[in-house]
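Q: Please take a close look at a single part of this structure, the strand pairing, and then place that part in its setting. A plain account in connected prose is enough.

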Amino acid sequence: GEPLFPLAMTQGIPLPCHCVNVFVPLIQVDEFNGATEFLLGTHVLDQGAEVEVKNHVQPRLRAGSAVIMDYRLAHRGGANLSDARRIVLYFTYSTPWWVDPANHRSTDPLFQAKSDN
């Protein structure tokens with residue numbers, strides 16, 4: 001579908017982040033066991049925009065380290081060429097109004113907002 005706020009509507013000014021992902025590997029991850037690849041700068045592009053795949057990074061991470069990224073950043077898991085599982089904790093934090101039914105089917109909050117009463 002169409003982007004919610006295309007850059008054409010915002011005079012080319014990217015909007016603030018509405019959702020972040022936090023990756024925490026529980027084992028060391030690298031290109032051999034399929035560390036996540038990120039396409040730099042894609043978080044400020046309209047959906048469907050052309051990107052240079054050569055602008056990717058695939059950081060090596062120690063167990064327990066964290067990567068925090070804008071949810072709009074294009075990313076993918078690399079191929080796991082090892083015999084071990086790639087175990088990663090994955091957290092998503094967003095503004096209350098935003099949902100992603102394609103990747104997160106539940107719309108129930110994990111924690112209920114505290115009422116003013």
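A: In this predicted model, β2 and β5 run antiparallel and are joined by 3 bridges. One residue pair can be picked out of this pairing: Phe38 has His75 of β5 as its bridge partner. The two strands belong to an open sheet of 3 strands with the order β3-β2-β5 and antiparallel pairing. At its edges stand β3, residues 56–57, and β5, residues 75–77. Each of these edge strands has a single partner strand, so one side of each is left without a neighbour in the sheet. For β5, then, the view from Phe38 and His75 is a view of a strand at an edge of its sheet.

A further open sheet of 3 strands has the order β4-β1-β6, and its pairing is antiparallel. Its edge strands are β4, covering 67–70, and β6, covering 88–94; each pairs on one side only. From one strand to the next, the twist averages 20 degrees. Within this sheet, 7 bridges connect β1 and β6 in the antiparallel sense. One of the residue pairs here is Val20 with Tyr93, the latter being the bridge partner in β6.

Tyr93 also leads to the surface. Together with Leu26, Ile87, Leu89 and Phe91, Tyr93 makes a nonpolar surface patch of about 460 Å². Where does Leu26 lie? Leu26 sits in the loop between β1, which spans 19–25, and β2, which spans 36–39. The patch thus includes a loop residue, because Leu26 is partly exposed, at a relative accessible area of 45%, and patch residues must have over 30%. Leu26 is therefore placed in the loop that runs between a strand of each sheet: β1 is in the order β4-β1-β6, and β2 is in the order β3-β2-β5.

The wider setting is as follows. The protein chain has 0 helices and 6 strands, and its elements run β-β-β-β-β-β from the N terminus on. Of the contacts between residues at least 6 apart in sequence, 78% join residues at least 24 apart. Among the 117 residues of the protein chain, 23% are buried. The chain exposes about 9,000 Å², and 57% of that area is supplied by carbon and sulfur atoms.

Conventions
Residues numbered from 1 in each chain as written. Predicted model: local features only at pLDDT ≥ 70, side-chain atom pairs only at ≥ 80, totals over all residues. Heavy atoms only, no water. Patch = residues over 30% accessible without salt bridge, like charges linked within 9 Å, V, L, I, M, F, W, Y side chains within 5 Å. Areas by Shrake-Rupley, 256 points an atom, 1.4 Å probe, with all protein chains shown as cover. Salt bridge = Lys/Arg side-chain N within 4 Å of Asp/Glu carboxyl O. Helix = DSSP H or I, 4+ residues; strand = E, 2+ residues; numbered from the N terminus. Buried < 20%, exposed > 50% of the residue type's maximum accessible area, 1.4 Å probe, protein only. Pairing = 2+ DSSP bridges. Axes fitted to C-alpha atoms, helices over the stretch in contact; angles between N-to-C directions. Contact = heavy atoms within 4.5 Å.
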